[in-house]
Amino acid sequence: DGVTAPASAEQPGAAMDRALHSTKLQGFGKLQSLGTVVKLPMRPSSDEQTQAIQAVYRQLLGRLPLESEQLADAESQLRQASLCVAEFVACVARSDLFNSRLNQMAPLRAAAAAYLALLGRAAQPAETTAFLVTRAKQGQWVALKSILDGAEYADRFGSNTVPYLSGMATTVGIPLS
């Protein structure tokens, strides 16, 4: 009849079983890097400085900037220890690149993106409202600066740690929902 049966038919669910019990975790490697803590030591090497600069760009912009988009002055000041990491984060947050990224988003999404980039977590409803009110009345930079100047930023990252995503970690007083 011209149709041949496969030599060995796979049991139903065998493919799912292989995927669930695989030692090769596809996609997980990318997610692992999201919560990586990058802290600039007191006397950083050139590689450590480069790593911190790239981590800030990735956290705030979601990518490394093109050469023409890089903040060469701010990078140079960080390398010369004229700026700390928190001040470099503020420079990137104030940049046209970051602000145009937020301005292209719907307001609620921009508030969520700002909190995710600067504090590494989702914004609570009251925080979103406060961000949007401040943004409407005083401008986007003032709204971003209120996050950067807040106690939570100082407590979590201090002056020399790059903001990072906290993932599914919970924080006392902040509901998971």
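This passage describes the nonpolar core, the packing of helix α9 and the cysteines of a predicted model.

The largest nonpolar core holds 39 residues, and those that touch the most other members are V56, L60, F88, V89, F98, L118 and F131. At least two core residues come from each of α3 (46-61), α4 (72-79), α5 (85-94), α6 (96-103), α7 (107-119), α9 (140-148) and α10 (151-157). Helix α7 supplies the largest share, with 8 residues. Around L60, when residues up to four places away in sequence are not counted, the contacts are V89, V92, A93, F98, R101, A117 and L118.

In α9, the buried residues are Q140, A143, L144, I147 and L148. Viewed down the axis of α9, these buried residues fall within an arc of 140°, so they line one face of the helix. The partners against which the buried residues of α9 pack are α5, α6, α7, α8 (125-138) and α10.

The count of disulfides is 0. For C84, the nearest cysteine sulfur is that of C91, at 9.5 Å, and C84 is in no disulfide. Because a disulfide was assigned only to cysteine sulfur atoms within 2.5 Å, the separation of 9.5 Å leaves C84 outside any such pair. C91 is likewise in no disulfide, its nearest cysteine sulfur being that of C84. C84 has a relative accessible area of 18% and is therefore buried, the cut-off being under 20%. C91, with a relative accessible area of 29%, is partly exposed.

Technical notes:
Residues numbered from 1 in each chain as written. Predicted model: local features only at pLDDT ≥ 70, side-chain atom pairs only at ≥ 80, totals over all residues. Heavy atoms only, no water. Core = buried A, V, L, I, M, F, W, Y, C linked by side-chain atoms within 4.5 Å. Buried < 20%, exposed > 50% of the residue type's maximum accessible area, 1.4 Å probe, protein only. Helix = DSSP H or I, 4+ residues; strand = E, 2+ residues; numbered from the N terminus. Contact = heavy atoms within 4.5 Å. Arc of directions from axis to C-beta.
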